[in-house]
Amino acid sequence: MKILVDENMPYAVELFSRLGNVQAVPGRPIPQDALNDADALMVRSVTKVNESLLAGKPVKFVGTATAGTDHVDDAWLASAGIGFSAAPGCNAIAVVEYVFSSLLILAQRDGFQLRDKTVGIIGVGNVGSRLNARLEALGVRTLLCDPPRADRGDAGEFWPLDKLVAEADILTFHTPLNMSGPYATHHLVDADLLARLPADRILINACRGEVVDNAALLDALSGNKKLTAVLDVWEPEPDLSLALLEKVAIGTAHIAGYSLEGKARGTTQVFEAFSQFIGQPQTVPLDSLLPAPEFAEVTLSGALSEAKLLRLIHLVYDVRRDDRPLRRVAGKPGEFDKLRKFYEERREWSSLRVICDDATTADVLKKLGFNSQLK
Ligand SMILES: NC(=O)C1=CN([C@@H]2O[C@H](COP(=O)(O)OP(=O)(O)OC[C@H]3O[C@@H](n4cnc5c(N)ncnc54)[C@H](O)[C@@H]3O)[C@@H](O)[C@H]2O)C=CC1
Ligand SMILES: O=C(O)C(=O)[C@H](O)COP(=O)(O)O
């Protein structure tokens, strides 16, 4: 059995070799001839998986080591009898930690406390719900918007987007890209929404570039009303607007979900799904794959201020390490994908043991996802 895997899937060659012959290939574009004798295909978000890629090929299973699935025509796969699995939630924690790093940097830059702000979360799934829990642990007021969940009658208080636009100081988007239908998100942020946004707001897009009309955002950022934007995703990728990159406070190359844990979970989730699909079910504990982190333990004295939290989280991940290189290379062909391919190892907060002498601090840090302990 031949299994094609995207070369940017850590641990994929090692794991899938347990099940067949593995070939690692680039995902953008995927080499067509490698598909001619492939039984299974494991991709990331840069590969469009549809009839034009797979019609007439022997592929019987597609896995995507990603949370988003807008690059996959799953209806066509089902009609062609091809098995499919994504990796829901694999990198949700990484995205949350990206958002926290961004917000605490902006808080320091602009002289505000996060706990004095209201954060509007649009899309309260794997990312949005974890973000909400961590913000609440810090005492930050949140407003949630998730019409599909509201319509399903899920527990929780969900608000229309208009209320968040009017009331939230910070809007952060964590929806799938839905091109049509009752919950369409394509250009959910458009010129009209941006015009209604009061001054001095922060807008974060770490879901899909097309959820925000990038031309309208550039216009808004070029106007007189103060607006701060953080973009991890662009319309289009990889050829983002250089003018827009210049205007955003933080701009990164679609790496919000790129913790080592997040990528490894993506690989293990599709590996487990595929092993099940072929009747050889296997599970892979994440700890069996991951190396020791660069910083494993620190001690922390006293109460937790936001300034102290900023310094602590940046021992693990500081989003500016990804903003600078994008500004350096943006516009040069191939460089956006290179930043993603040769991504410097990044860990999640849970990799850091924090020994505290203050019980409240230990408790808050645990709720934030650190491995905290009271001395
Ligand atoms: N920048 C990056 O590296 C990453 C980006 N993503 C993107 O973020 C998206 C969200 O990720 P997850 O939370 O893991 O997905 P998820 O599927 O767990 O959650 C998405 C939530 O959005 C809600 N939703 C759908 N349509 C909506 C609408 N019109 N308005 C408001 N809410 C709506 C859904 O009901 C669901 O609760 C993914 O679909 C993916 O495109 C995900 C991981 C990493
Ligand atoms: O999981 C998702 O959805 C994402 O956006 C991924 O973090 C994107 O990473 P690649 O699949 O493009 O490497």
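An open sheet is built from six strands, in the order β7-β6-β8-β9-β10-β11, and its pairing is parallel. The model that shows this sheet is predicted. Helix α4, covering residues 92-110, packs on the sheet, and the axes of α4 and helix α5 come within 9 Å.

**The sheet and its edges**
- The edge strands are β7, residues 141-145, and β11, residues 250-251; each of them pairs on one side only.
- Strand β10, residues 227-231, pairs with β11 in the parallel sense, over two bridges.
- Val 230 has Ile 250 as its bridge partner in β11.

**Helix α4 on the sheet**
- α4 touches four strands: β8 (170-173), β9 (201-205), β10 and β11.
- The direction of α4 makes about 150° with that of β10.

**Helix α4 against helix α5**
- Helix α5 spans residues 126-137, and its axis crosses that of α4 at roughly 50°.
- Angles from 35 to 65 degrees fall outside the roughly parallel and roughly perpendicular ranges, and α4 and α5 are therefore oblique to each other.
- The crossing in which α4 passes α5 is right-handed.
- On the α4 side, the residues that meet α5 are Ala 92, Ile 93, Val 95, Val 96, Glu 97, Val 99 and Phe 100.
- On the α5 side, the residues in this contact are Asn 126, Val 127, Arg 130, Leu 131, Arg 134 and Leu 135.
- Sorted by class, the contact of α4 with α5 has nine nonpolar residues, one polar residue and three charged residues.

Technical notes. Residues numbered from 1 in each chain as written. Chains lettered and ligands numbered in written order. Predicted model: local features only at pLDDT ≥ 70, side-chain atom pairs only at ≥ 80, totals over all residues. Heavy atoms only, no water. Axes fitted to C-alpha atoms, helices over the stretch in contact; angles between N-to-C directions. Parallel < 35°, antiparallel > 145°, perpendicular 65-115°, else oblique. Left-handed = near helix turned anticlockwise from the far one by under 90°. Contact = heavy atoms within 4.5 Å. Nonpolar A, V, L, I, M, F, W, Y, C, P; charged D, E, K, R; others polar. Pairing = 2+ DSSP bridges.
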